[in-house]
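Please open the model in your viewer and keep a selection panel at hand, since each stop below names what to pick next and what is found there.

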Amino acid sequence: FPCGGTGGPFSPAVAVADRLRSLVPDLAIDFVGSRDRIEWDVVPKSGYAVRSVPCAPIHRPLSSWRNVRSVLVQFLGLLKALWLLARKRPRAVVGTGGYVTVPTCCAAWLLRIPVFLHESNAYPGLATRFLVNTLRCASQVYLGFEEAKRHLRGDKLVVTGNPVRAGILVKHQKADFGRGATGALADVFNDGPSRDRDSFRICIMGGSLGAQKINEVLHDCVGGILTKFTKMSVIWQTGQGYYDEVDQDCGVFPGRLAILPFLHDMPLVYSSCDLFVCRAGAITCSELVAARKPSILIPSPNVTDDHQTKNAAALEKAGWTVMLQEEDFTSRKLLDTLDGLLCDNGRALKRMQVALQDAGENRACNDIAESLASSLEL
């Protein structure tokens, strides 16, 4: 499974790998990533080995001089991937996005190893477009959105939706959600407000890498939020790159505020939180719907084709979220939005929770894993 860079590629890869392992217990599964990216730390904690292949992003515009270095690094990555795959001889390579997907899948194609791809966004990333439209190396391409078909060529495209880990699905959520929590999370679960009908838990995160704007706004108002909503506790994921910059002394709220660089046990977090404030990446949106969790979404303005705004708009239309544009996202706006959701005994939030019950069941993980097992005769 070559994937990485952010949680967008590796989260569906881990989900499918987990399902494949349950279908074929003796199947050996390895991941391919980059030593300086988040997957190098996170994937081993999910129970899988990760191998290193050099990779680099392609910069815009394509004529940028920085792409000279990127092409050289990707070529080195191709050589390393050829060596790795020739030595391992896997039954297949399953790419879910990220820079490392290109050299690894190219190497697999040259070695005649079957290549399968998953694209999570409505507008496919550059890696997927290159591998499908230019190289045409994929035996099957699984799509998160029907709209992605408009941007890809060939007859090997199948819409499955985006896979999420089994523990995130509402039917698998933990009733004893506090068990297994450690560190700052354990303080919130064990010492925070008791889980009666008036208590409330919110998770605020800016994606796996964090988001500077969300961190800045929350730093300004988290004390005000916890002072105003006395039965609320907050789990705040800053992102590894921002954790040291965040002032850990945001007021004295024992057991009500957990500040962490990264959340490793997302099934635990989805089980225990009532509302999420976060970016609108395709995988995040899929997880929110699968877990039946209301949200406040702040689309990132720094993504291709503004696809996060489209993701958030679709959820808002269904009544599952409130969308705030980053330019309008301030401490006052966040406080007002929370007040609007929680006032009048949380009537607006309850409407979102009821609307989410009509969302279809997420079967993408099962469908992709079973398709792979069938295609490879595992």
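Begin by selecting Lys88, which in this predicted model is partly exposed, with a relative accessible area of 40%. Add Asp30 to the selection: the two residues form a salt bridge in which the closest N and O atoms are 3.5 Å apart. The pair links distant parts of the chain, with Lys88 in helix α3 (residues 66-88) and Asp30 in strand β1 (residues 30-33), 58 residues apart. Asp30 is likewise partly exposed, its relative accessible area being 26%. If you now include Arg51 as well, you have a network of salt bridges that links Asp30, Arg51 and Lys88.

Across the model, how many salt bridges are there by the distance rule? The count comes to 12, and two further examples are worth selecting in turn.

For one of them, select Glu326 and Arg279, whose side chains meet in a salt bridge at 2.6 Å, N to O. Here too the pair links distant parts of the chain, since Glu326 belongs to the loop between β12 and α12 (331-356) and Arg279 to the loop between β10 and α10 (282-290), 47 residues apart. Are these two residues buried or exposed? Glu326 has a relative accessibility of 18% and counts as buried, and Arg279, with a relative accessible area of 11%, is buried too; the cut-off that matters here is that buried means under 20%.

For the other, move to Asp367 and Arg363, which form a salt bridge with the closest N and O atoms 3.8 Å apart. Asp367 is partly exposed at a relative accessible area of 33%, and Arg363 is partly exposed at 38%.

Next, switch to a cartoon view and select the strands β7 to β12. They make up an open sheet of 6 strands with parallel pairing, in the order β9-β8-β7-β10-β11-β12. Which strands stand at the edges of this sheet? They are β9 (257-260) and β12 (321-323), and because each has a single partner strand, one side of each is left without a neighbour in the sheet. Direction ignored, neighbouring strands of this sheet are turned by 15 degrees against each other on average. To look at one pairing in detail, select β11 (residues 295-297) together with β12, which pair in the parallel sense over 3 bridges; within that pairing, Ile296 stands opposite Val322 in β12.

Keep the sheet on display and add helix α7 (residues 212-228). This helix lies across β7 (200-205), β8 (232-237), β9 and β10 (275-278), and it runs at about 165 degrees to β8. With 17 residues, α7 reaches 24 Å from its first C-alpha to its last, which is close to the 24 Å expected at 1.5 Å a residue. Where is the kink in α7 centred? It is centred on Cys221, and its angle is about 50 degrees. Cys221 is also one of the buried residues of this helix, which include Ile214, Val217, Leu218, Val222, Ile225 and Leu226 as well. To see what covers these buried residues, add β7, β8, α8 (240-243), β9, β10 and α12, which are among the covering elements.

From there, follow α12 to Lys333, which has its place in that helix. Lys333 is partly exposed, with a relative accessible area of 36%. Leaving aside residues up to four places away in sequence, Lys333 touches Leu324 and Asp328. For a sense of distance across the model, draw a line from the C-alpha of Lys333 to that of Leu85: the two residues are 51 Å apart in space and 248 residues apart in sequence.

Finally, select β3 to β6, an open sheet of 4 strands with the order β3-β4-β5-β6 and parallel pairing. Its edges are taken by β3 (93-95) and β6 (157-159), each with a single partner strand, so one side of each is left without a neighbour in the sheet. From one strand to the next, the twist averages 20 degrees. Zoom in on β4 (residues 115-119) and β5 (residues 138-143), which run parallel and are joined by 5 bridges. As a last selection within this pair, take Phe116, which stands opposite Gln140 in β5.

Technical notes:
Residues numbered from 1 in each chain as written. Predicted model: local features only at pLDDT ≥ 70, side-chain atom pairs only at ≥ 80, totals over all residues. Heavy atoms only, no water. Pairing = 2+ DSSP bridges. Helix = DSSP H or I, 4+ residues; strand = E, 2+ residues; numbered from the N terminus. Axes fitted to C-alpha atoms, helices over the stretch in contact; angles between N-to-C directions. Contact = heavy atoms within 4.5 Å. Salt bridge = Lys/Arg side-chain N within 4 Å of Asp/Glu carboxyl O. Buried < 20%, exposed > 50% of the residue type's maximum accessible area, 1.4 Å probe, protein only. Expected span 1.5 Å × (residues − 1). Bend = angle between axes of the 7 residues up to and from the residue.
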